[in-house]
Amino acid sequence: MNDNLHQLRCFGCGERIAGSDARPDFRCAQCGDLFEVEYAGWNQRKGHDRPNPGALKWLWRERRSSPEVLDQSGVWRFRELLPILDNFGNAVTLREGNTPLYPLIRTAKALGMDQLFAKHQGMNPTGSFKDTGMTAALSVARERGFEWVACASTGNTSAAMAAYAARAGLRSLVLIPEGKIAWGKLSQAMDYGAVTCQLKTDFDGCVRVLTEIVNQSRIYLLNSVNPYRLEGQKTPALEIAEAFDWAVPDHLIVPGGNLANSSALGKGFRELHELGLVARMPRISVIQAEGANPLVRSFRAHQGTAMEPVEAHTRATAIRIGNPASWRKAARTVQETGGWCLDVTESEIAIAKAELGAEGLGCEPASAVTLAGLKKLRAEGKIAGNESVVLVLTGHTLKDADYTIDFHRGTLLTSQEMAGHEADLERLRRNAVVVDATPSAVLAALEGSAE
Ligand code: F0G
């Protein structure tokens with residue numbers, strides 16, 4: 001089952017094309033919708049030729065102790081479920097994936113829950129979940145002989161793309177909204193040698209410009225409209241299922257920006273289910289920031305069947321997206337798994353992020369929407385205390401240190417945003433104090449720090 005079996009199927013009209021026939025902007029020539037990678041052979045093959053669940057589970061676990069480069073990747077370890085390359089020797093890997101699943105003991109206790117976990121995708125080589133998608137799609141770019149790759153980004157995709165392109169010896173072009181991305185991410189694109197253009201527009205404007213560029217020049221588009229990105233980004237679903245010994249958790253909670261990640265995780269669990277590796281899919285819920293909530297509005301107004309773009313505003317800059325490309329795929333995932341789609345405020349995000357920090361994990365603001373969303377779902381009685389829940393933390397806390405410092409200094413939120421949250425803010429803030437360089441002054445600071 002290692003041969004390259006895939007084709008692309010349009011999510012809108014069902015049109016099927018060969019992978020190499022996709023347009024540069026990855027839109028369907030018939031209806032303009034996005035494609036999904038499909039492995040028709042899995043269904044056609046019968047008997048011993050069909051993927052054998054027991055053999056795959058054994059093989060994937062064995063590879064964890066293998067010295068082979070591909071086996072050490074948490075994406076390519078599962079390569080039987082992403083046969084997108086003619087030759088796996090073309091894979092470009094930084095040993096992504098295999099990220100930790102941490103129990104959240106204190107948060108679980110505070111929420112009256114038995115089993116709460118964080119799948120920390122910020123523990124990837126460039127500090128975000130984007131690495132799992134980038135290893136897949138950039139490998140396709142290399143195999144197809146591209147010299148240039150490009151993306152529009154709120155920062156993490158560009159950091160990942162620049163790193164993987166540098167490893168492969170390809171050139172990369174990054175379009176980012178000027179002044180609206182975290183410094184850590186901008187510094188990565190520069191460090192990994194990308195041509196970085198800050199455009200005087202937002203993320204959605206950067207996408208528009210880049211779409212025109214790739215339609216004019218031979219540059220390979222690595223935004224998540226590229227369906228190969230999702231093949232890599234589905235592998236955390238496999239890791240989570242493996243960590244639960246192939247009995248999936250009850251509920252997965254994912255942040256929503258351009259909505260590829262929730263779509264990819266849905267695809268991962270769906271394929272595991274169809275292939276008989278797991279008995280069911282978890283519920284998958286998507287959480288957006290209140291000021292960047294087009295999918296939430298879509299569910300409120302149209303049951304997820306239509307989406308109107310919004311002008312996006314949130315300090316969680318990673319998900320400051322008003323016109324998400326993969327909204328249809330994400331809506332299907334939420335609907336078919338019985339999940340929810342809701343939004344959270346700026347203060348709820350900031351408090352949830354500090355709570356995760358206080359558990360020793362830390363994450364980007366965009367990742368903290370998951371915990372903020374869980375708290376709402378618990379309060380509304382939608383998640384029972386005995387359900388197992390996994391929060392997908394998408395980015396590393398050091399990506400956006402300014403946000404964290406502003407929070408602890410008390411300068412992040414406006415007084416209007418802080419109203420009603422005073423107790424939580426007081427409990428969580430740990431501003432750095434300036435004290436005299438004497439033991440007694442430092443010990444006095446210890447006494448002054450309330451628990
Ligand atoms: N969390 C982080 C840290 C992100 O960087 C992103 C997206 C998301 C969540 C949302 O994921 O778009 O698949 O729904 N960042 C993109 C970027 C858009 O350009 O780095 P999504």
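Here are legends for four close-up views of this predicted model.

Residue numbers start at 1 and follow each chain as its sequence is written. Because the model is predicted, local features need pLDDT of at least 70, side-chain atom pairs count only at pLDDT 80 or more, totals for chains, interfaces and linings use all residues, and side-chain values use heavy atoms, with hydrogens and water left out.

**View 1. The ligand sits in the largest cavity.** A cavity here is a set of points, on a 1 Å grid over the protein atoms alone, where a 1.4 Å probe fits but cannot get out; sitting in one takes more than half of the molecule's atoms within 2 Å of its grid points. Around the ligand are 19 residues, and S153, T154, N258, L259 and T394 are the closest (near means a heavy atom within 4 Å). By type, the shell splits into 7 nonpolar, 10 polar and 2 charged residues, with Gly counted as polar and Asp, Glu, Lys and Arg as charged. Helices α5 (156-168) and α10 (260-274) each chip in at least two shell residues; helices are DSSP runs of H or I, at least four residues, and strands are runs of E, at least two.

**View 2. Polar atoms of the protein meet the ligand at K130, G257 and N261.** For K130, a side-chain N or O atom is 3.0 Å from a ligand nitrogen. On the backbone side, a polar atom of G257 is 2.8 Å from a ligand oxygen, and a polar backbone atom of N261 is also 2.8 Å from an oxygen atom of the ligand. The protein covers 98% of the 470 Å² of accessible area the ligand has on its own (Shrake-Rupley, 1.4 Å probe).

**View 3. Four parallel strands make an open sheet, in the order β8-β7-β6-β9.** Strands count as paired if DSSP finds at least two bridges between them. β8 (195-199) and β9 (220-221) have a single partner strand each, so one side of each lacks a neighbour in the sheet. Inside the sheet, 5 bridges link β6 (148-152) to β7 (171-177), and V149 has S172 in β7 as its bridge partner.

**View 4. An open antiparallel sheet of 3 strands runs β2-β1-β3.** Its edges are β2 (16-17) and β3 (35-38), each paired on one side only. β1 (residues 7-10) joins β2 over 2 bridges, and L8 stands opposite I17 in β2.

How values were computed:
Polar contact = N/O pair within 3.5 Å; in protein donor to acceptor, adjacent residues only side chain to side chain. 1 Å grid on protein atoms, 1.4 Å probe; cavity = no way out; pocket = protein on both sides within 12 Å on 5 of 7 lines; lining within 4 Å.
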